[in-house]
Amino acid sequence: HTRRLHLNRLVVHTLIKARTGVPLDVYFTVHCDQEEIFDGRKSALPSSGSKLYNNQRQAYVFDLVGSSSSAADDDAFAAANAHSTSLSPRILAFSFTGDVRFTFYARNKLMADEELFHFWLNSRLCDYPKQRLTKTELDGPSKDRKHRDYCADLGVDLIFEAPEWNVDEARRAEEEAGRAAAEAESQPAAAGKKEKKGFFSRVFGGKKA
């Protein structure tokens, strides 16, 4: 089965880059099968910059659930909520199934935006309700073993809504279960016919009267 996940909140712990006390202007994109399904620069939801998370340390917090009418008009929001069976009025930024790539960037007004790091997820393998990735699981920072470029405690938390099984996959599984049940019910009847035929063969020697 293919599990569809709705991302509620994403938290990047620490200021990402080492040796800097200045927060970066961070955004991220999400691609599934080489198709972009989310771009933080185009999202109608306001993104939050670096702030205290749980009153412990600085982090970049991205809340990906909203209820504004402007968000409801966004194409990405409409696509994400088309798969949702929830009756909640909240608007989800996006949902995903299968393999997806998250890529994080720092905005740069003078030059091209800088890619900070990226990572891959599979919806079937994600921990629910929260998936935590450490620095060693992030492509780019994982090579910085001496913590010269990236903070030592860099990590990402992804907090999900309740998971949903893909509707098409669920319907296909239900149909397969129905066929299996029908075959199981037909087997005793077929066995009874064979037994009856075997009885007459033994009595009459397989010859017609």
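**Exercise 1. Find which residues Leu 10 is in contact with, leaving aside its neighbours within four places in sequence.**

Solution. Taking contact to mean heavy atoms within 4.5 Å, and leaving aside the neighbours within four places in sequence, one finds that Leu 10 touches Phe 28, Tyr 60, Val 61, Phe 62, Leu 64, Phe 102, Phe 104, Val 156, Asp 157 and Leu 158. This is a predicted model, in which local features need pLDDT of at least 70 and side-chain atom pairs count only at pLDDT 80 or more, while totals for chains, interfaces and linings use all residues. Residues are numbered from 1 along each chain as its sequence is written, and side-chain values use heavy atoms, with hydrogens and water left out.

**Exercise 2. Determine how many residues the largest nonpolar core has, and which strands each supply at least two of them.**

Solution. Begin with the terms: a nonpolar core is a set of buried Ala, Val, Leu, Ile, Met, Phe, Trp, Tyr and Cys residues joined through side-chain atoms within 4.5 Å, where buried means under 20% relative accessible area, exposed over 50% and partly exposed in between, with a 1.4 Å probe and protein chains only. The largest such core has 33 residues, and those with the most contacts inside it are Leu 10, Phe 102 and Phe 104. Next come the strands, which are DSSP runs (E, at least two residues) numbered from the N terminus: E1 (3–13), E2 (26–32), E5 (57–63), E9 (99–106), E10 (114–122) and E12 (155–160) each supply at least two residues of this core.

**Exercise 3. Describe the salt bridges of Arg 101 and Arg 41, and state whether each partner is buried, partly exposed or exposed.**

Solution. A salt bridge is a side-chain nitrogen of Lys or Arg within 4 Å of a carboxyl oxygen of Asp or Glu, and by this rule the count comes to 8. In one of them, Arg 101 meets Glu 115 at 3.4 Å, N to O. This pair links distant parts of the chain, with Arg 101 in strand E9 and Glu 115 in strand E10, 14 residues apart. Arg 101 is partly exposed at 23% relative accessibility, and Glu 115 is partly exposed at 37%. The side chains of Arg 41 and Asp 39 also meet in a salt bridge, at 2.8 Å, N to O; here Arg 41 is partly exposed at 46%, whereas Asp 39 is buried at 5%.

**Exercise 4. State how many disulfides the whole structure holds.**

Solution. With a disulfide taken as a pair of cysteine sulfur atoms within 2.5 Å, a search of the whole structure finds 0. As for the accessibility of cysteines, Cys 32 is buried at 14%, and Cys 151 is buried at 17%.

How values were computed:
Helices (H or I, at least four residues) and strands (E, at least two) are DSSP runs, numbered from the N terminus.
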